[in-house]
Amino acid sequence: MADANQDVSEKFKHIKTIEDLTARIREYHPQGDIKMIERAYQISENAHKGQIRRSGEAYISHPLNVAGILTELKLDLVTIAAGLLHDTVEDTHLTLEQIKADFGPDVAELVDGVTKISQIKFSNTHAKQGENIRKMIVAMGKDIRVVLVKIADRLHNMRTLNHMSFEKQARIAQETLDIYAPLCSRLGVNTWKIELEDLSFRYLKPDAYYDLVQKVSKKKKEREKYIEEVKTILNQNMKQAGITCEIQGRPKHFYSIYKKMTARNIDYDQIYDVLAFRILVDSVAKCYEALGIVHSLYKPIPGRFKDFIAMAKTNNYQSLHTAIIGPMAEQIEIQIRTHEMHLIAERGIAAHWKYKEKGGIDQQTEKKFNWLRDLVSWHQQVHDSDEFLETVKNDLFDSEIYVFTPKGEVREFPEGATPIDFAYAVHTDVGNRTVGAKVNGKIVPLKHKLRNGDRIEILTSPTQTPHKDWLKYCITSRAQSKIRSFITAEERKRATHLGQEILEKEFRKVGIAVNKVAKGLDYEKYIKEVGASDISELYMLVGYGKITPDKVIQRLAPDAKPVAAESEKESFLGKVFKEALNRKKKSDAIIKVSGQTDILVRYARCCNPIPGDPIIGFISRGRGVTVHQASCTKAFQIDGQRKIDVEWTGTSSGIRHTKIKVVSQDAPGLLKLMSETFTNNGVNIANAQIRTTKDNKGVCIFDVTVKDTKQVLKVIADLQKIKGILDVERVNA
């Protein structure tokens, strides 16, 4: 970790010239084609000529440093060239065809994989973000180097994020913490993961970050002395046992410490295990021998030992982890691994890189990263960009739980996984037919949370089908996706049946059979216009209310007599939408529905969107159009066919309610300071819930009225500056 008083962005040397870059490459690839790298630099420099970054530097400094970051993993020259050219297609006149002609298909495919989707117009930035991530994931399935270039691009942007506006800093940092840092973890690139997490922490919670930096700095000399003492003791004992080793000692990185503080709800002074030691040995046998010596010297802390050598993590990480009571009763963590394991832990997939002639990963390496295939497969199953983004976030959770099948096979799951997650991991049919589960021989409910070492047996029934409630009890992408797919298919069947009844009845009223008009060029042209592929999909659209029966009749049978009366069984969604069109809102509308501002809308209570939030809308029974936040998990349970385009008008004509949660020390005067902060920002407190925890922390949940997200971000930033405030966040419920 960087010194406590040193920004993480200064951790690595800034590359200023192409000579700096080529010198780095020659260190690990002395026989490489440096001329190709120099040519890529020249083309990139010429293409970006005249472009300036927000920092005031020439734009070429960005691709140059992205390429430099890629050399940290000692990546091949094709990847380095792609790093130099990665923004040319998106931001300059250069085309993929030109890059392919100059550098070959491999470089062109990598550049294409990291190029954002800029030609398509999206309804909101959240949808665009989702589709850009989808494109990257799909390209990553073909060549993993795509994501390494993309992460290097993000890492340099994070290192220079101080030149962006406050709102962009928060948005980019959150996306980095949600997507890119977990991707680094899954790829095993620990050095990048740590820096991305610390940089995200710095911009998301600047006051908490710098407060922690200051506290860590105060104990720097004391900590360095302690580290040297422990290293000396361990070295002496290992030497006496005949074990040749390298011992490293370091403080944990800032975000890791902060997570411990918030998870345990304690201050920095109450955290004892902020130091970590690493023992590197020559063989697996020596790892266990070294562990025995450590445990003979110091008492191990029960429940804190993990053997990732016998059961490696998904990203191929291997190490022994133990926590002990060290000298002066300090709690310290120790990792024991071989030098090869350490290389893989630091550089991940790049540490065992082997290319075929056309690029790619050898079969042995590919098996170690099976999760990649699953991640890529989600893009084919999930068509909605918002749902896909949530799916990726969930799927990137680190596996923390190791459980066993009845046959003794090991399965990995994120913390909080349930028997439903286990069942769908076995097979989709097993998941769909699950009625119960046995954990360690005892029957448990489906919402039971699995623990390390559990032995799971799934109970099934041929008559069972998935329930919507199951989505509350599962956390893996596979389980959620399969359950949603089943529920959506059932809803579409019902909508298709209802739509057929409605349409046939309406056509009968004008003396025409549907099957007579469901053919010919006019019919084919019409169903393409409405987004249907056949008559069944047309029925479904009518059943969902996306198309009203009279519109179908007017188009397919224009000479028929007008419908005398509205069908009693007309789609409730069609009726709702028509009613919504006819009802004017009393206040000025702040939501546009399909470009119109006079449609009845309501805001979902589950996520309570406010102006500035990415949003999506759904036609709802008896309620017009319901607006959700684009990231709302409950919105993903609604069939996408009911989705309708919505957007903020950009003019706030009223106020919206949201909740802000503040965790603080239980100190006098803090509540007064919080109240003044809300008032100074023009935010009114409608309600407040205040309680004190057993460990003397204050938890306040304020129900406030605001204009938009900018106002919320400003008040959160100001609250974080108050001394004694530990954490501030916006909450939905």
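In this predicted model, the axes of helix 2 (residues 34-47) and helix 4 (residues 77-85) come within 9 Å of each other and cross at roughly 10°. Helix 2 is therefore roughly parallel to helix 4, since angles under 35 degrees count as roughly parallel. On the helix 2 side the contact is made by Met-36, Ile-37, Ala-40, Tyr-41, Ile-43 and Ser-44. Helix 4 answers with Leu-77, Val-78, Ile-80, Ala-81, Leu-84 and Leu-85. Sorted by class, the residues of this contact comprise 11 nonpolar, one polar and no charged.

A second helix pair offers a useful companion case. Helix 20 (residues 419-426) packs against helix 22 (residues 477-509) at an angle of about 80°, and their axes are 8 Å apart. This angle makes helix 20 roughly perpendicular to helix 22, because the range from 65 to 115 degrees counts as roughly perpendicular. The residues of helix 20 that take part are Ile-420, Asp-421, Tyr-424 and Ala-425. They meet Arg-478, Ala-479, Lys-482 and Ile-483 in helix 22. The contact of helix 20 with helix 22 has five nonpolar, three charged and no polar residues.

Turning to helix 14 (residues 254-264), one residue is worth a brief stop: Lys-260 lies in this helix. With a relative accessible area of 17%, Lys-260 is buried, because the limit for that class is under 20%. Lys-260 and Ile-271 are separated by 11 residues in sequence, and their C-alpha atoms are 7.8 Å apart in space.

The stretch around strands 5 and 6 brings together backbone and burial features. Strand 5 (320-325) and strand 6 (331-338) are linked by a loop that holds Met-328, and Ala-329 has its place in this loop as well. Phi of Met-328 is near 60°, a positive value in a residue other than glycine. For Ala-329, phi is likewise positive and near 60°, again in a residue other than glycine. Met-328 has a relative accessible area of 63% and is therefore exposed, and Ala-329, at 57% relative accessibility, also counts as exposed; the limit for this class is over 50%.

Within strand 6 itself sits Arg-337. The relative accessible area of Arg-337 is 1%, so this arginine is buried. Beyond its neighbours within four places in sequence, Arg-337 is in contact with Arg-278, Ile-279, Leu-280, Val-281 and Cys-287. Its contacts also include Tyr-317, Gln-318, Ser-319, His-342, Ala-345 and Glu-346.

Strand 9 (residues 434-439) has pairing partners in strand 10 and strand 11. With strand 10 (residues 442-444), strand 9 pairs in the antiparallel sense over three bridges. Here the bridge partner of Ala-437 is Val-444 in strand 10. Strand 9 and strand 10 form a hairpin with two residues between them, and Asn-440 in the turn has a positive phi of about 55°. Strand 9 also runs antiparallel to strand 11 (residues 456-460), to which five bridges join it. In that pairing, Val-439 stands opposite Ile-456 of strand 11.

Further along the chain, four strands form an open sheet in the order 19-20-18-21, with antiparallel pairing. Strand 19 (684-692) and strand 21 (725-731) stand at the edges with a single partner strand each, so one side of each has no neighbour in the sheet. On average, and with direction ignored, neighbouring strands of this sheet are turned by 20° against each other. Strand 18 (residues 656-665) and strand 20 (residues 697-706) run antiparallel and are joined by 10 bridges. In this pairing, Lys-659 stands opposite Asp-703 in strand 20. In a regular strand the side chains alternate between the two faces of the sheet. Helix 29 (residues 709-720) lies across strand 18, strand 20 and strand 21, and runs at about 165° to strand 21.

Finally, the cysteines deserve a word. A search of the whole structure finds zero disulfides. Cys-474 counts as buried at 2% relative accessibility, and Cys-700 counts as buried at 4%.

Notes
Residues are numbered from 1 along each chain as its sequence is written. This is a predicted model: local features need pLDDT of at least 70, side-chain atom pairs count only at pLDDT 80 or more; totals for chains, interfaces and linings use all residues. Side-chain values use heavy atoms; hydrogens and water are left out. Buried means under 20% relative accessible area, exposed over 50%, partly exposed in between (1.4 Å probe, protein chains only). A disulfide is a pair of cysteine sulfur atoms within 2.5 Å. Contact means heavy atoms within 4.5 Å. Axes are lines fitted to C-alpha atoms, for helices over the stretch in contact, and angles run from 0 to 180 degrees between N-to-C directions. Angles under 35 degrees count as roughly parallel, over 145 as roughly antiparallel, 65 to 115 as roughly perpendicular and the rest as oblique. Ala, Val, Leu, Ile, Met, Phe, Trp, Tyr, Cys and Pro count as nonpolar, Asp, Glu, Lys and Arg as charged, and the others, Gly among them, as polar. Two strands pair if DSSP finds at least two bridges between them.
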